[in-house]
Amino acid sequence: MAALAAASPGGDEGLEEDEDELEPGLDEAEAEAEAGSGARPAGGSRGAVLTRRGITLRVLLRDGLLEPARGVLSIYYLGKKFVGDLGADGTIRWQETGQVFNSPSAWATHCKRLVNPAKKSGCGWASVRYKGQKLDQYKAAWLRQHQPNAPPADESLASEGEGEDEEVPEEEEEEVAREGRAPVPEPVAAKKPEERSKKQPCKSAAEPAGTEHGAPAKRMESKARAPVRYCSLGTRDSARNPQTLVEVTSFAAINKFQPFNVAISSNVLLLLDFHSHLTRSEVVGYLGGRWDTNTQLLTVLRAFPCRTRLGDAEAAGAVEEEICQSLFLRGLSLVGWYHSHPFGPALPSLHDIDAQMDYQLKLQGSGNGFQPCLALICGPYYHGNPGVESKIAPFWVMPPPEQRPNDYGIPMDVEVAYIQDGFLTNDVLQEMTLLMDFYKGAPDLVKFQELWSQDQTYLDKLKGSLASRTPKDQSFSHVLEQIFSLLKLSG
């Protein structure tokens, strides 16, 4: 994926800057005010020209209400946090990408559209905070100081926000983030440990998808988790278990069309299914492919398993650097990720939903065009599956309604077309061999000679699941049989 651009945004985002730009004649008024005394009554030059909409960051900086500094600006929106630097010239530099914005509304609109493409405006002065306080409070302070006869602050803000969405719940979002009930751009959670280094490999591939964790193999799922319906969740609750499973929602159920099409190679499914079967702990990997903006088709062509262990950040970084290079050499982009629920259903947990929402935002990056991020969950040993074939479930997260920003994202079921590959590639066979070597002798390695059901061993289960994903060309069947023989002896 191309490196994130550092240029200032253009296009329709400039429309949102109008509310923050200086009114006609303001520059002349500022120059006159700077040449004269500081504060002036409402009838003075500055008060006469600087209306509420005419107060800009440049004005607040000039009069000492704000000071330029790094990381003093922030936006909280739908559980996401954005951090920016305030320049001496009144511009805002987004730390994530280095983009420079000319006004709070331009920055707020850009960030909010990354999370929710349907967002029309940014409500910049009510959304952007300076050292934790909303910018409109500093604007109100300027008015009290320089225009004592102006309408009260609440009336000023009310007239200023006409036609824009009310963003009051953002105060609650900030409190939620502090309490750890909502994800932030670099969430530290205990679910997918190998994701710790997802930002380390390279900015062109691994960075957009990752939060920072440690290693893939994690805990054994000791007891069944009963899924809940999304409509029963309501507002975020710190008392709710983040491992709670949530049923996915179809786009048809909410009268919407799926915003993109997906095609997945059978070799991708075969490799991630094999990876998921090897251990009683959760595993994670990346998905490589291509996104066609003309046809709105996301094609998943390659799975990249993460061969790391919990707490081994150094090894995770090395593995992910290798994955980054593999993506680049094959001309592929990072298009998603996968993980397993070894003994549970292939449904997302609340943590999975928050993580996926964060990955979607990071994969979107700074580009103006939409690019999807796909998540796959594999449930290899869940006895609720209809047969021996693992359930591999794709999902995507839709932001909650704007009027309920503290709700969880909505996990959406994604319809997928599966492409049957003609043969097994050497890449897939090599990855299978490397995975066996990695888990060899591990305490959480599945004992494939033991019984999975009354009449089937774990090896039988694995063979049965991979059968439907194996290419029609059987020239590599003897290699697979060698792999199965090694697995049988490994326990």
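## R469 and its surroundings

Setting aside its neighbours within four places in sequence, R469 is in contact with S266, L269, L270, D273, E389, S390, I392 and Q420. The model here is a predicted one, and this arginine is a handy way into it. R469 lies in the loop between α13 and α14. With a relative accessible area of 6%, R469 is buried, because anything under 20% goes into that class.

Two of those contacts, D273 and E389, deserve a closer look, since each one also turns up as a salt-bridge partner of R469.

## Two salt bridges on one arginine

Start with D273. Its side chain meets that of R469 in a salt bridge, at 3.2 Å from N to O. D273 sits in helix α9 while R469 belongs to the loop between α13 and α14 (477–490), so this pair ties together parts that are 196 residues apart in sequence. Are D273 and R469 buried or exposed? Both are buried.

Now E389. R469 forms a salt bridge with this residue too, and here the closest N and O atoms are 3.7 Å apart. E389 is in the loop between β11 (374–379) and β12 (391–398), and R469 is in the loop between α13 and α14, so the pair links parts 80 residues apart in sequence. The two ends of this bridge fall into separate burial classes: R469 is buried, with a relative accessible area of 6%, whereas E389 counts as partly exposed at 38%.

## How α9 packs on α13

D273 also has a part in a helix pair. Helix α9 (residues 266–278) and helix α13 (residues 458–467) have axes that come within 10 Å and cross at roughly 165 degrees. How do the two run relative to each other? An angle over 145 degrees counts as roughly antiparallel, and α9 and α13 are therefore roughly antiparallel. The crossing of α9 past α13 is right-handed.

On the α9 side, the contact is made by L270, D273, F274 and H277; on the α13 side, by K461, L462, S465 and L466. Sorted by class, that gives four nonpolar, two polar and two charged residues. L270 and D273 do double duty, as both take part in this helix contact and both are in contact with R469 as well.

## Other salt bridges

How many salt bridges does the chain have? The count comes to twelve. One of them joins the side chains of D63 and R62, with 3.1 Å from N to O. Both of these residues count as partly exposed, because D63 has a relative accessibility of 22% and R62 has a relative accessible area of 25%.

There is some sharing of partners elsewhere too. Salt bridges with partners in common join R70, D85 and R93 into one network.

## Two residues with positive phi

Most residues other than glycine have a negative phi. Which residues go against that habit here? K131 is one of them: it has a positive phi of about 50 degrees although it is not a glycine. K131 is placed in the loop between β5 (128–130) and β6 (133–134), and at 57% relative accessibility it counts as exposed.

N255 is another, with a positive phi of about 60 degrees, and it is not a glycine either. Its loop runs between α8 (170–178) and β7 (261–265). At 74% relative accessibility, N255 counts as exposed.

## A buried alanine in α4

A106 has its place in helix α4 (residues 104–115). At 1% relative accessibility, A106 counts as buried. If you want a distance to check, try A106 against I92: they are 14 residues apart in sequence and 9.4 Å apart in space, C-alpha to C-alpha.

## The chain as a whole

Stepping back, the chain has 14 helices and 14 strands. Of its 491 residues, 55% count as buried. Take the contacts between residues at least 6 apart in sequence: 71% of them join residues at least 24 apart. The D273 and R469 pair, tying together parts 196 residues apart in sequence, is one example of a link across the chain.

Note on methods. Residues are numbered from 1 along each chain as its sequence is written. This is a predicted model: local features need pLDDT of at least 70, side-chain atom pairs count only at pLDDT 80 or more; totals for chains, interfaces and linings use all residues. Side-chain values use heavy atoms; hydrogens and water are left out. Axes are lines fitted to C-alpha atoms, for helices over the stretch in contact, and angles run from 0 to 180 degrees between N-to-C directions. Helices (H or I, at least four residues) and strands (E, at least two) are DSSP runs, numbered from the N terminus. Angles under 35 degrees count as roughly parallel, over 145 as roughly antiparallel, 65 to 115 as roughly perpendicular and the rest as oblique. A crossing is left-handed if the near helix is turned anticlockwise from the far one by less than a right angle, and right-handed if clockwise. Contact means heavy atoms within 4.5 Å. Ala, Val, Leu, Ile, Met, Phe, Trp, Tyr, Cys and Pro count as nonpolar, Asp, Glu, Lys and Arg as charged, and the others, Gly among them, as polar. A salt bridge is a side-chain nitrogen of Lys or Arg within 4 Å of a carboxyl oxygen of Asp or Glu. Buried means under 20% relative accessible area, exposed over 50%, partly exposed in between (1.4 Å probe, protein chains only).
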